[in-house]
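Let's take a walk through this fold, starting with its rings and working outwards. Keep the model open while you read.

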Amino acid sequence: MSTAFVSRIKNSTSAINNIEDKVMNIQRGNDFLRNELIEAYQPFIKKVTSKVCSQYIDRTMDEFSVGLYAFNEAIDQYQEGQGSRFLSFADMVIRRRVIDYIRKEVRQNRLIYLQPDEEDEEGRVEDSYAEQKAAMDHYEESIQAENRVYEIEEYQKLLKDFNLNFKVLSKHCPKHVDARENAKEIARLLVENREMAEFLLEKKQLPIKDLLSMVSCSRKTIERNRKYIIAVSLIYLGDFKALKSYIQP
């Protein structure tokens, strides 16, 4: 861990509080500040990457390079008012990119290692092939499960910003299938409209007036399903890939 990084964390709370301002400055073209920020937060990148890989990752490893690219990507994609601080957003992007990298490696390794050689008289090579394939399948499933757990944790944090939680949502989930699908469609229309999406994230409420101009249902219907519509919208806006499977047909 660099001395500069430690001094920033311990002695300058303003440096932490203003990281979002720095990111906005970088997005306006300050490449010098971009390089400075990436350098300062390499320990953070290494920590997140190591946690995903369940092993220590140093700067010479491919996984660390993936984490660096992901941090840089997070700088470009971060938006103010999207419901999370920059470091939380960067954490999420790094995790997803590293997990995608691991999955890709697993798929490539299958092609390399899961090619059965000639069997002996007792068929022992065939058993080895089956065991290898089962192990690879199990490993990829464990990565997917970890990704789902992480997305749920991040989703809960995002819901909290809107004074929502799973207990509240269970009470306000539309009981009828048609009503749920209608609410999902409203959420989809909302997130596809940048101005309405920004309104939701900034004001923490639905742009009901604008929605009424796009849908055929009444204001009462939207207000009745307000919490469910917000919850579905946040899944889309947070780009929670694993959670999307629960709301898409």
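How many aromatic pairs does a search of the whole structure find? The count is 8 aromatic pairs, where rings of Phe, Tyr and Trp (its six-membered ring) pair if their centres lie within 6.5 Å, with planes under 30 degrees apart called stacked, over 60 edge-to-face and the rest tilted. Before going on, bear in mind that this is a predicted model: local features need pLDDT of at least 70, side-chain atom pairs count only at pLDDT 80 or more, and totals for chains, interfaces and linings use all residues. Residues are numbered from 1 along each chain as its sequence is written, and side-chain values use heavy atoms, with hydrogens and water left out.

One of those pairs is Tyr41 with Phe71, which is stacked at 6.2 Å centre to centre and 20 degrees between the planes. Tyr41 sits in the loop between α4 (31-40) and α5 (42-53), while Phe71 belongs to helix α6 (residues 62-77), so the pair ties together parts that are 30 residues apart in sequence. Tyr41 is buried at 7% relative accessibility, and Phe71 is buried too, at 0%; buried here means under 20% relative accessible area, exposed means over 50%, and partly exposed is in between (1.4 Å probe, protein chains only). Then there's Tyr78 with Phe86, an edge-to-face pair at 5.6 Å and 90 degrees between the planes, and both residues are buried. Put Phe44 and Phe89 alongside these four and you have one aromatic cluster: Tyr41, Phe44, Phe71, Tyr78, Phe86 and Phe89.

Phe71 and Phe86 turn up again in the largest nonpolar core, which has 65 residues; they are among those with the most contacts inside it, together with Tyr155, Leu206 and Ile222. Such a core is a set of buried Ala, Val, Leu, Ile, Met, Phe, Trp, Tyr and Cys residues joined through side-chain atoms within 4.5 Å. Helix α7 (residues 86-113) gives the most to this core, with 10 residues. Where does the core lie relative to the two domains? Domain 1 (19-113 + 123-161) and domain 2 (164-245) both give residues to it, so the core lies between them; the bounds come from an automatic or database domain assignment. Look at Tyr155 in particular: not counting residues up to four places away in sequence, it touches Phe166, Leu169, Ala231, Val232, Leu234, Ile235, Phe240 and Leu243, a contact being heavy atoms within 4.5 Å.

Now for two loops with unusual backbone angles to check. Asn163, in the loop between α8 (124-161) and α9 (166-172), has a positive phi, near 55 degrees, and is exposed at 70% relative accessible area. Lys204, in the loop between α11 (194-203) and α12 (208-212), has phi near 60 degrees and is partly exposed at 30%. The charged end of Lys204 sits over the ring of Phe162, 5.3 Å from its centre (the test being NZ of Lys or CZ of Arg within 6 Å of the ring centre and within 35 degrees of the ring normal).

Finally, the records. In an unreviewed entry, UniProt places the short sequence motif "Polymerase core binding" at residues 62-75, a span that is 100% helix and 0% strand. The unreviewed entry also lists a "DNA-binding region" at residues 208-227, which is 65% helix and 0% strand. UniProt positions follow the numbering used here, feature names are shortened, and annotations may be inferred rather than shown by experiment. Overall the protein has 15 helices and 0 strands, taken as DSSP runs (H or I, at least four residues, for helices; E, at least two, for strands) numbered from the N terminus.
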